[in-house]
Amino acid sequence: MRGPQQGGYQRKGEAMNEKAVSVLGLGDMGTALADALLAAGHRVTVWNRTAAKAEPLVVKGATRADTAADAVLASQLVVVCLLDYDSVSQVLAPRTDVLAGRTLVNLTNGTPGQAREMATWAADHGADYLDGGIMAVPPTIATPAAFVLYSGPSGAFDTARPVLDAFGGSHYLGEDPGLAPLHDIALLCGMYGMFGGALHAFALVRSAGRSAAEFAPMVRRYVETMGVHAEAMAARIDAGDYANDVTSNLAMQAAAYGNFLVAAEEAGVSTELITPVHSLLQRRVADGHGHEDTASLVELLRN
Ligand code: FVH
């Protein structure tokens, strides 16, 4: 495999900071990534199943490849951002002969198991493989709000990093390719938990004819205020210490939470987003942990 010691991604005649990079997949995210690479001054080759989506990027200076294999051949660094791993396999599998010596950076959402399997598959075909998780939405790519998680061979990451930094902050998590999707999915689950809570909150206030827009600043303020407890919660979980310095014990929370279910029923709002936490609270209290902190619930989530 080619790596930093063999010249990285620099090509003869290219300006110092200009690198050749190919992007496979021009959905909303792939387009934003290609845009960011062009804006950073790189030589970008793009491919998409629906070829017309490449046109706006070609206008900005990208080269459109006729086939995915041509796009892979155009650059040593190949960024893949497709719908799912099945589509990645469908796109790459027919021409494995073009993969040797490339670094594939797969930013497609998937599981740790899928990432490890694809890393082995890529290695079998002579390619380095980095898996990634994009912690941003397309409009925030290349802004300070965006960060991307990576895992896989550290040498491949170090070589690719100057290019990948165009997307936002780059966070390398380790050699195991499954680490980036694991952290990606963990953060997305946190996000959906927050959105699920917010949706339930909006449904409650709307049931009384109140404006969601007027309520939104309160939601934001309270979620941000409570978010600062993440580090303290993490410290308790790492230490397994749930009983010291507790200010909001589980027994108290379980009593209050029962009201959440009744209030939802009174308002004609579904309880399906809030019931699971109630079940966990009740079980943990019944198991004799009513005096403990919220972080203690994590013990019920470990199989
Ligand atoms: N958009 C977002 O907010 C999130 C942010 C975090 C990361 N995700 C993940 O990024 C991957 C791509 O997401 P996307 O937003 O670009 O998704 P779409 O706009 O729906 O584009 C999908 C692209 O995948 C191509 N594609 C789908 N199936 C196939 C296939 N069988 N063979 C070849 N290409 C395929 C599709 O092509 P086309 O429909 O335009 O021809 C698009 O290029 C994703 O994993 C997110 O979870 C985004």
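Ligand shell and a helix pair

Biologist: What makes the 2.8 Å between a nitrogen atom of the ligand and an N or O atom in the side chain of Gln-90 a polar contact?

Modeller: In this predicted model, a ligand nitrogen atom and an N or O atom in the Gln-90 side chain are 2.8 Å apart. A polar contact is a pair of N or O atoms within 3.5 Å, so this pair qualifies.

Biologist: Which residues have polar atoms at 2.9 Å and at 3.2 Å from an oxygen atom of the ligand?

Modeller: Arg-49 has a polar side-chain atom 2.9 Å from a ligand oxygen. For Gly-27, a polar backbone atom is 3.2 Å from a ligand oxygen. The cut-off is 3.5 Å, so both pairs count as polar contacts.

Biologist: How much of the ligand does the protein bury?

Modeller: The protein buries 76% of the 910 Å² that the ligand exposes when taken alone. Helix H1 (28-39) and helix H4 (85-92) each give two or more residues to the shell.

Biologist: Which residues come nearest to the ligand?

Modeller: Asn-48, Thr-50, Lys-53, Gln-90 and Asn-109, out of 22 around the ligand. By class, the shell has 10 nonpolar, 9 polar and 3 charged residues.

Biologist: How do you know how helix H10 and helix H11 are placed relative to each other?

Modeller: The axes of H10 (residues 250-267) and H11 (residues 275-289) come within 9 Å and cross at roughly 145°. That crossing is left-handed. Their contact has 8 nonpolar, 5 polar and 1 charged residues.

How values were computed: Residues numbered from 1 in each chain as written. Predicted model: local features only at pLDDT ≥ 70, side-chain atom pairs only at ≥ 80, totals over all residues. Heavy atoms only, no water. Axes fitted to C-alpha atoms, helices over the stretch in contact; angles between N-to-C directions. Helix = DSSP H or I, 4+ residues; strand = E, 2+ residues; numbered from the N terminus. Left-handed = near helix turned anticlockwise from the far one by under 90°. Nonpolar A, V, L, I, M, F, W, Y, C, P; charged D, E, K, R; others polar. Near = heavy atom within 4 Å. Polar contact = N/O pair within 3.5 Å; in protein donor to acceptor, adjacent residues only side chain to side chain. Areas by Shrake-Rupley, 256 points an atom, 1.4 Å probe, with all protein chains shown as cover.
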